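Here is a short briefing on one protein chain. Keep the sequence and the 3D view open while reading.

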Amino acid sequence: MDLTLFEKRYDVLRYHCVHFVIDAAKALLHQDYSSSFMGLTGSLNQAITTSRQTVIKNKRLKEPQHGCIVLMTSLTGDNHVGLFYDDKVLHLSEGGVQYVHLRALNIHYLRFRYYEHVQNL
């Protein structure tokens, strides 16, 4: 695990969960996931409205797989993304970076969808 990822700080305008997943995929998987999030690296308010349409261009998975994108929907309907890595979800929220099991996220998120990053979308 690249411990520098845990130093990342959330900023709704400049660095949010989408930026973090892109950085985490580069650091841990040596892959560029930016094409999975076209148009989603602006402010979070802008990204939230388009995240579902953009992420679904990737291959949907029935179960999480190492390196997949986890799209989560909160109890209030907000979308959030993380990276499934070694059987846990690595994600950035306002509270900081977390690396937790999916079941621990059930407290905050109602729905989970898994997507394999497809290069050259």
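Asp-11 is partly exposed, at 25% relative accessibility. Its side chain forms a salt bridge with that of Arg-14, at 3.0 Å from N to O. Arg-14 is exposed, with a relative accessible area of 61%. The model is predicted.

**Salt bridges**

- How many salt bridges does the structure hold? The count is three.
- Side chains of opposite charge can pair when their charged atoms come close.
- Lys-8 and Asp-23 form a salt bridge through their side chains, with an N to O distance of 3.7 Å. This pair ties together distant parts of the chain, 15 residues apart. Lys-8 sits in the segment before helix 1 (17-29), and Asp-23 lies in helix 1.
- Glu-116 and Lys-59 also meet in a salt bridge, at 3.8 Å from N to O. This pair, too, links distant parts of the chain, 57 residues apart. Glu-116 belongs to strand 6 (residues 109-116), and Lys-59 to strand 1 (residues 59-61).

**Exposure of the paired residues**

- Lys-8 has a relative accessible area of 27%, so it counts as partly exposed, between the 20% and 50% cut-offs.
- Asp-23 is partly exposed as well, at 24%.
- Glu-116 reaches 31% relative accessibility and is partly exposed.
- Lys-59 is partly exposed at 49%. That value is not over 50%, so Lys-59 does not count as exposed.

**Cysteines**

- Are Cys-17 and Cys-68 buried or exposed? Cys-17 is buried, with a relative accessible area of 4%. Cys-68 is buried too, at 2%.
- The disulfide count is zero. A disulfide would need a pair of cysteine sulfur atoms within 2.5 Å, so no pair in this model meets that cut-off.

**Fold**

- The protein chain has three helices and six strands.
- In what pattern do the helices and strands follow along the sequence? The pattern is α-α-β-β-β-β-β-α-β. Two helices therefore open the pattern, and a strand closes it.

**Burial, contacts and surface**

- The protein chain has 121 residues, and 45% of them are buried.
- Consider contacts in the protein chain with a separation of 6 or more. Residues 24 or more positions apart account for 55% of them.
- The accessible surface of the protein chain is about 6,700 Å². Carbon and sulfur atoms contribute 49% of that surface.

Terms used: Residues are numbered from 1 along each chain as its sequence is written. This is a predicted model: local features need pLDDT of at least 70, side-chain atom pairs count only at pLDDT 80 or more; totals for chains, interfaces and linings use all residues. Side-chain values use heavy atoms; hydrogens and water are left out. Buried means under 20% relative accessible area, exposed over 50%, partly exposed in between (1.4 Å probe, protein chains only). Helices (H or I, at least four residues) and strands (E, at least two) are DSSP runs, numbered from the N terminus. Contact means heavy atoms within 4.5 Å. Accessible areas come from the Shrake-Rupley method with a 1.4 Å probe; for residues, only the protein chains shown count as cover. A salt bridge is a side-chain nitrogen of Lys or Arg within 4 Å of a carboxyl oxygen of Asp or Glu.
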